[in-house]
2 protein chains.
Amino acid sequence: MHDVVRRPTIIDVAKKAGVSKSTVSLVLQNSPLVRAETRSHVREAMAELGYVYNRAAANLRSSNAGLIGLVINDLRNPFFTQFATSLQMALSARGYAAVIANTDEDPTLQAQVVEAMIEHGVSAVIISSTYGENGGAFEALGRAGIPAMQVLRKTNAHVETFPFAGPDYLEGGRLATAHLLEQGAKHIAFVGGLQGRDVTRERMEGYLSVLQESELEPVVLTGRSSRSFGREMARRLEKEHPEVDAVLCFNDQVALGLLSGCAEIGRRVGRTFRIVGFDDIEEAAESWPPLTSVRCDIAGFGQSIAGTVLDWLENDKMPAPETRTPVTLMVRDSSNRDS
Amino acid sequence: MHDVVRRPTIIDVAKKAGVSKSTVSLVLQNSPLVRAETRSHVREAMAELGYVYNRAAANLRSSNAGLIGLVINDLRNPFFTQFATSLQMALSARGYAAVIANTDEDPTLQAQVVEAMIEHGVSAVIISSTYGENGGAFEALGRAGIPAMQVLRKTNAHVETFPFAGPDYLEGGRLATAHLLEQGAKHIAFVGGLQGRDVTRERMEGYLSVLQESELEPVVLTGRSSRSFGREMARRLEKEHPEVDAVLCFNDQVALGLLSGCAEIGRRVGRTFRIVGFDDIEEAAESWPPLTSVRCDIAGFGQSIAGTVLDWLENDKMPAPETRTPVTLMVRDSSNRDS
DNA sequence: GACAGAATTTGGAACGTTCTAATAAGAGAT
DNA sequence: ATCTCTTATTAGAACGTTCCAAATTCTGTC
């Protein structure tokens, strides 16, 4: 049975402590108006009755539910998981709870979950949106006047309304390509990432700009961003582009897949065939060989986004329309090993 | 600016549609009491005004927030991520939202987030709890009279109050060990998993029982359940237990780490050194060699838990105190390949 | 001991729903 | 036209907070 035992309310507490409900409310809000002695009486009464604060009721009157919505396009990808958990924990630490939803890259589903979050009275939404016809979600957010931030992927142009923050993918593409070049690679391929998406385009732009400077021919194999795609590409590269001696992957999933594909076909990875990933997920350091990767410090990014959004909420400090956080290159054996 | 434009309420809708707020409320609840024609008028008015349902207000009166709390000990582990996402999506599909929190195996943090969830008025909690002094969370749940289910890990003995559901770890341990034996392994080790924890004990029990039948000596190396631990164990096994020709790992993280450790020290994995993982996370099929693993169908499990909890909530159908879901063995090359 | 000003405390309306009990409208039957 | 059902609709009291304006209690001063 879970029939409720009727939770004590602010009024029960007031009665027990011999004060008015208004006073109890003030105590709840840590108001300096209430006398220290009274405060502690009230606190005692709350403890004795096992009082729990009812945010729904509070919200009804003052609307700040302490709920933040987090909408993620692919929560199964460790990159996003790490982002979501670090964000959630940072919010938790500041007294907010997170409603998290995975949209599986489905715009319709995304619109639904955003709608649901609005119903639940979230105070803000942080969204790594799907591509495609994703207008519904943003329209709903706009209509409801809920502060919303785009992260990791800029899929909606209205950055004045929905500010964007993400890693500097372009610079990452540059760094990685320059590194491979420096290591002596002569034919560098770019593998993975769906064509036409900003996240792909930016990385590729970095890659292309560096190649151009050194007058090398690009080899581009866009596609899904999954491990299995990466794995397939090992064979395909060997067959169709045997000259390629280095690969910049769209993300670590692709890179790890490629690594495993190379093991499968018996191709050594290191000095003769270099692989660089993107994102630097935790796992990158644990693969064999350990994966060189563009580090976005996704955990730190999550924390900082939490700060940004709460600042927006609490101090009405709107974030800049576009923020790019710096990236670095973690050089490991996959691009730099005797083989 | 995010100053609200005052959202239309049920009363605005009523005025617009020329009915009373009670009628609008009935429409909202799809009550058969209201005439079809009236219903569509009201619906139109809602659409025109851009009305959004305020669950906080509704909850205040009737207390079913449509919010489910999901507490996870290690959300960065893909096994739990896959569980959480499949559960969340199943809840979403039935009109519930999920408040998800990661506790990072910290009982104090866990108590905090559970408390926060209760404040937010969750209708139920699904918890894969930390070990250790985790009483606080359960006590709070009990006091609040909130239906709560333990999943994946049974850390609280009061299964009458907090029913448990999880995979049949014991059977998994048995299956895997029997498989290795069948393949001709002579010295099978068990690697990973913290000692003394139910989840470890059960798997190990399966392992030990099968070994006993065939009068083989067990080799047990418990420890963390991380990739890096698995990776370290490759070296350690080679040095301290060179006779070992097969390993059953506590989970896939350990197994994948071990796989990468073997690559590191140049030990071939397959017929001469067999590895079996546990959980069958998505990645297991993509490693090289592909990892044999005990499949818990975690995505299916997540969905079924969603069903169980909503059944409890909506139809007052309390789940059995303990449910074990069957496991199967996915045989892949890591235990069965020419090497 | 009265008075002003500061420090505390309080009553009551409001927030947007649900739900009960009561009312109104419609359809047959007399 | 009246009465009885049934079918639709509605008024108004909850729900547990917050917050304003007003009331009360303290302090110190004269």
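Across the interface of chain A and chain B, the rule picks out 18 residue pairs in polar contact, both partners at pLDDT 80 or more. A polar contact here is a pair of N or O atoms within 3.5 Å; within protein, one has to be able to donate a hydrogen and the other to accept it, and residues adjacent in sequence count only if both atoms are side-chain atoms. On the chain A side, the elements that put in two or more residues are α4 (55–62), α5 (78–93), β2 (97–102), α6 (107–119), α7 (135–144), α10 (227–240), α11 (252–265) and α12 (298–315). Helices (H or I, at least four residues) and strands (E, at least two) are DSSP runs, numbered from the N terminus. Sorted by class, that side of chain A has 30 nonpolar, 15 polar and 14 charged residues. For this sorting, Ala, Val, Leu, Ile, Met, Phe, Trp, Tyr, Cys and Pro are nonpolar, Asp, Glu, Lys and Arg are charged, and the others, Gly among them, are polar.

All of this comes from a predicted model, where local features need pLDDT of at least 70 and side-chain atom pairs count only at pLDDT 80 or more, while totals for chains, interfaces and linings use all residues. As for bookkeeping, residues are numbered from 1 along each chain as its sequence is written, chains are lettered from A and ligands numbered from 1 in the order in which they are written, and side-chain values use heavy atoms, with hydrogens and water left out.

Back at the protein–protein interface, 59 residues of chain A are in contact (heavy atoms within 4.5 Å) with 59 residues of chain B. Together the two chains bury about 5100 Å², with 58% of it on carbon and sulfur atoms; buried area is the accessible area (1.4 Å probe) lost when two parts are put together, summed over both. The rule also turns up eight salt bridges across this interface, each a side-chain nitrogen of Lys or Arg within 4 Å of a carboxyl oxygen of Asp or Glu. Glu282(A) pairs up with Arg76(B) in a salt bridge whose closest N and O atoms are 4.0 Å apart.

Next, the DNA. Around strand D there are 27 residues, and Ser25(A), Tyr51(A), Arg61(A), Thr23(B) and Thr38(B) come nearest; a residue is near a strand if one of its heavy atoms lies within 4 Å of it. Sugar and phosphate make up 64% of the strand D atoms that come within 4 Å of the protein. Backbone polar atoms reach phosphate oxygens of strand D from both chains, at 2.8 Å for Ile10(A) and 2.7 Å for Ser20(B). In the side chain of Ser22(A), an N or O atom is 3.3 Å from a base nitrogen of strand D. With five residues, α4(A) gives the most to the surface near this strand.

Strand C also has 27 residues around it, the closest being Thr23(A), Thr38(A), Ser25(B), Tyr51(B) and Arg61(B). Here Ser22(A) has a polar side-chain atom 2.9 Å from a base oxygen, and Arg61(A) has one 3.4 Å from a base nitrogen. The side chain of Thr23(A) goes to the backbone instead, with an N or O atom 2.7 Å from a phosphate oxygen of strand C. For this strand, α4(B) gives the most to the nearby surface, with five residues.
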